[in-house]
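Please open the structure in your viewer and keep the selection tool at hand, as this tour moves from one stop to the next.

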Amino acid sequence: MTRDCLATPVPFSLGTAAPRTALPAGACDCHVHVYDQRFPSAPGARLLPPDASASDYRALQQRLGTERTVLVTPSTYGADNRCMLQGLAVLGEQARGVAVIDGSESVAQLQALHDAGVRGVRLNLSLGVTGSVDSILPLARRIAPWGWHLQLLMAPDVLASLGGVLRNVPVPLVFDHLGRIAPAQAGQHPAHALLLQLLGEGRAWVKLSGGYIVSATHAVDDPALDALAASYLRAAPERVLWGSDWPHATASAGLHPVPDDALQIDTLARWCDQAGADALRRVLVTNPAALYGFSPVSTSSSPPLSEGLAP
């Protein structure tokens, strides 16, 4: 995707400018939600954001320079994946999905999800209305035949108590939103230590997403996030991903300001600059291709990282 696009407003994203960082070809945003009020919210759902479609998201792709997308069924819909699947149909081969299931699905239903592009399931123990800690192993065993991963979101105290369980999960684990570890907890909380161990053991992946959620100031570029991000990039650079979390449902709920997604990209680039010359391409291209099954991208088609900053 070229970087000569005009600045454009994007729904649910602050600002209009493109990032200063030119992204490599095949860059993937690994954490996006879509919403459509034609699909009913689940009983007890706490986040009820306005409609945000895959077509709306294409405007953000044009602004940022990403080409691939991972759609995640949000807590709003419980285990109803129809809205996410609708988005996958719009975005096509350059998109993959992370569904929510309750474990009662038939083999045919799970195969249909796989055929539609689903490559994992999410268990949200923070805001979700489906599943519990006791669901971790049964869900993992249910999805193992498809080669999917289990994506987890939970409070640090809960995570810290689950080391024995998580080391027995028969599928890869993915922790979104920086493991929900607050910057002040980096190097201090046992959940952070556990996550670093799981990364180092090759059992887990982590998304550098939702930094503005875990930041005490809710700032995308909060310097307090730097050490937390660096810890993951040091522990397992081949298992780190990035996601915008567009359309920022927690911002729609008034929990913090709407973030500037271009600034999110530039913050990621700053983190990766400290992690090695190829770190940005690895986080945005190579790692997502490995986890989600995207086609490899030739490095010759990507701009040199020395050209990453526009004048």
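The stops below begin with the confidence of the model and then turn to its aromatic rings.

Start by colouring the whole chain by confidence: this is a predicted model, with an average pLDDT of 93 for the protein and a score of at least 70 for 93% of the residues. Next select residues 1–6, where the pLDDT is below 50, although this stretch still has 15 contacts in the model beyond near neighbours in sequence. Then select residues 301–311, another stretch with a pLDDT below 50, for which the model shows 18 contacts beyond near neighbours in sequence.

Now turn to the aromatic side chains, since the structure holds 5 aromatic pairs. Select Tyr35 and Tyr77, whose ring centres are 6.2 Å apart and whose planes stand at 35 degrees; the pair counts as tilted because this angle is neither under 30 degrees nor over 60. Tyr35 sits in the loop between strand E1 (28–32) and helix H1 (54–64), while Tyr77 sits in the loop between strand E2 (68–72) and helix H2 (82–91), so that the pair links parts of the chain 42 residues apart. Tyr35 is buried, with a relative accessible area of 4%, and Tyr77 is buried too, with a relative accessible area of 6%.

Move on to Tyr57 and Trp246, a tilted pair with ring centres 5.5 Å apart and planes at 55 degrees. Tyr57 lies in helix H1 and Trp246 in the loop between strand E8 (240–242) and helix H10 (249–252), 189 residues apart, and both Tyr57 and Trp246 are buried. Finally, add Phe12 to the selection, as Phe12, Tyr57 and Trp246 form one aromatic cluster.

Terms used: Residues numbered from 1 in each chain as written. Predicted model: local features only at pLDDT ≥ 70, side-chain atom pairs only at ≥ 80, totals over all residues. Heavy atoms only, no water. pLDDT = per-residue confidence, 0-100. Contact = heavy atoms within 4.5 Å. Phe/Tyr/Trp six-rings, centres within 6.5 Å; stacked < 30°, edge-to-face > 60°. Helix = DSSP H or I, 4+ residues; strand = E, 2+ residues; numbered from the N terminus. Buried < 20%, exposed > 50% of the residue type's maximum accessible area, 1.4 Å probe, protein only.
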